[in-house]
Amino acid sequence: MTTTDLYIRLEISKDVTTADIKKAYRRLALKHHPDRNKGNEKSSEEKFKLIQEAYIILSDPEKRKDYDLTGIIRETSDSASPPQSSDSSSSSAGTSATGNFSSEYQSTSNANGTSYYFHFHAEEPFINQRSNINPDDIRPHLKQIKATVPLSFKDAIMGATQTVSFEYQANCVACRGTRSSSGRVSDTVCRTCLGSGKVGGGAGGGGEICNECGGSGSFVYFPCEICEGIGSFPAMHEEQITIPAGVDSTFILTRQIQPDTTILYDGTSSMDIYELIIDFAVEQHPVFRRVGLDILIDLPISYAQAVLGDIIMAPSPYGGVLPVTIPPGAQPNSQIVLSNQGVLAEYQQIDRGDMILTLVLEVPRAISEQEQILLCQLGDLEQQNITEKRQKFLQFMVDWESSKIN
């Protein structure tokens with residue numbers, strides 16, 4: 001890539017057309033974008049600068065002719081600029097990156113001290129139509145990135161640290177996200193939405209994003225040739241997040257991130273800020289169920305345990321077991337509450353939940369011969385000691401039959 005042969009840099013032959021040069025530049029610019037080469041950003045940035053230099057010379061007929069005759073790469077005031085549209089040469093004279101920067105740009109800083117530069121002398125028609133333009137309304141945009149993270153039941157209640165991968169729209173490497181072929185933010189108000197970025201909302205607000213300006217509120221007369229005026233392209237980013245203990249599927253985690261860097265015209269870098277919004281898809285557990293901060297579990301017991309009572313062990317969602325006392329005569333579907341054994345939500349200033357066990361009487365589908373003999377003997381004894389509900393029901397049946405006969 002360090003070769004002085006500009007055609008080799010763009011991986012093209014010397015007889016290609018201007019359209020082929022543009023196509024080659026677009027392909028290589030995206031290929032060597034630093035955000036697409038994580039861990040190798042410095043090398044990628046150098047390659048991109050060399051590719052850009054080759055494009056600036058070879059896309060200009062006069063410069064290309066001079067280079068073909070002499071083989072010399074002459075320094076140009078446009079060498080630090082992204083490719084210009086041929087239509088914009090007459091309207092953007094004197095606006096190169098190495099020109100009078102202070103006369104064309106004003107700077108502002110955000111709360112983090114990062115400087116951003118905004119073009120305030122229009123290089124396109126309708127100069128300064130948006131007199132009350134706020135630089136923060138143009139750039140950097142606090143774009144939203146939404147991601148859904150699958151989460152195990154255990155990680156949800158105990159907390160975890162995860163690396164989240166997601167796709168977002170990274171700034172175009174050529175226009176720096178401005179959508180303009182000049183690489184400069186346009187302050188020309190959009191004639192369709194009149195600078196609001198939306199149409200059809202009426203006096204009450206709302207409405208849909210303006211198709212003319214893409215919601216930016218400004219109109220670009222000479223769109224970037226690489227991104228075709230979109231200003232961005234899909235990119236992948238990884239972010240490490242800390243998930244607090246006790247979250248559930250209703251929990252939403254938000255944080256500001258800076259996944260990519262934009263190189264500005266003065267050579268400094270500006271990192272666009274994104275708002276990452278994460279919700280969680282908590283997996284269901286085969287045993288535990290969760291309602292708020294309470295943990296619910298079905299506890300199967302036998303007929304003998306229900307009648308005689310017992311002390312058994314139940315699983316804890318945090319690991320280990322908890323002793324559970326089943327009282328004699330426990331009824332099916334009755335509940336036992338273990339206070340403060342539920343979920344503890346670190347991010348909420350509230351008490352810990354409970355663990356609620358529902359007793360499920362399990363009737364065997366098959367029994368041994370010995371069990372059958374014993375149950376028959378038990379059945380005979382039960383006829384001599386009829387329970388209260390059974391006694392009332394038997395009396396009801398007697399009365400019912402009598403009333404039917406009469």
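The following legends describe close-up views of a predicted model.

**Figure 1. Overview of the predicted protein and the confidence assigned to it.** The chain of 406 residues has 38% of them buried. Its secondary structure amounts to 10 helices and 17 strands. Of the contacts between residues at least 6 apart in sequence, 63% link residues at least 24 apart. The average pLDDT is 76, and 75% of the residues reach a score of at least 70.

**Figure 2. Two segments of low confidence, residues 77-141 and residues 262-269.** Across residues 77-141 the pLDDT stays under 50. The model nevertheless has 139 contacts beyond four places in sequence for this segment. Residues 262-269 likewise keep a pLDDT under 50, and 29 contacts beyond four places in sequence are found for them in the model. Where pLDDT is low, predicted coordinates should not be interpreted in detail.

**Figure 3. Helix H3 and the elements that cover its buried residues.** Helix H3 comprises 18 residues, 41-58. The distance from its first C-alpha to its last is 26 Å, close to the 26 Å expected at 1.5 Å a residue. The buried residues of H3 are Ser44, Phe48, Ile51, Gln52, Ala54, Tyr55, Ile56, Ile57 and Leu58. Among the elements covering these buried residues are helix H1 (6-9), helix H2 (18-31) and helix H4 (61-70).

**Figure 4. The open three-stranded sheet with the order S3-S11-S8.** Pairing within this sheet is mixed. Strand S3 (143-151) and strand S8 (252-257) form the edges, each pairing on one side only. On average, neighbouring strands of the sheet are turned by 25° against each other, direction ignored. S3 and strand S11 (residues 274-282) run parallel and are joined by nine bridges. One of the bridge pairs links Gln144 with Glu275 of S11.

**Figure 5. The open four-stranded sheet with the order S12-S13-S17-S16.** This sheet also has mixed pairing. Its edge strands are strand S12 (289-291) and S16, each of which pairs on one side only. The average turn between neighbouring strands of the sheet is 30°, direction ignored. At the S12 edge, three bridges connect S12 to strand S13 (residues 294-301), and the two strands run antiparallel. Arg289 has Leu296 of S13 as its bridge partner.

**Figure 6. Edge strand S16, with one face covered and the other uncovered.** Strand S16 spans residues 335-338. Ile336 and Leu338 lie on the covered face, whereas Gln335 and Val337 lie on the uncovered face. Four bridges join S16 to strand S17 (residues 355-361), and the pair runs antiparallel. Ile336, a residue of the covered face, has Leu357 of S17 as its bridge partner.

**Figure 7. Surroundings of two cysteines, Cys193 and Cys376.** Cys193 has a relative accessible area of 7% and is therefore buried, being under the 20% limit. Cys376 has a relative accessibility of 46%; because this value falls between the 20% and 50% limits, the residue counts as partly exposed. With a sulfur-to-sulfur cut-off of 2.5 Å, the count of disulfides in the model is zero.

Methods:
Residues numbered from 1 in each chain as written. Predicted model: local features only at pLDDT ≥ 70, side-chain atom pairs only at ≥ 80, totals over all residues. Heavy atoms only, no water. Pairing = 2+ DSSP bridges. Axes fitted to C-alpha atoms, helices over the stretch in contact; angles between N-to-C directions. Buried < 20%, exposed > 50% of the residue type's maximum accessible area, 1.4 Å probe, protein only. Expected span 1.5 Å × (residues − 1). Contact = heavy atoms within 4.5 Å. pLDDT = per-residue confidence, 0-100.
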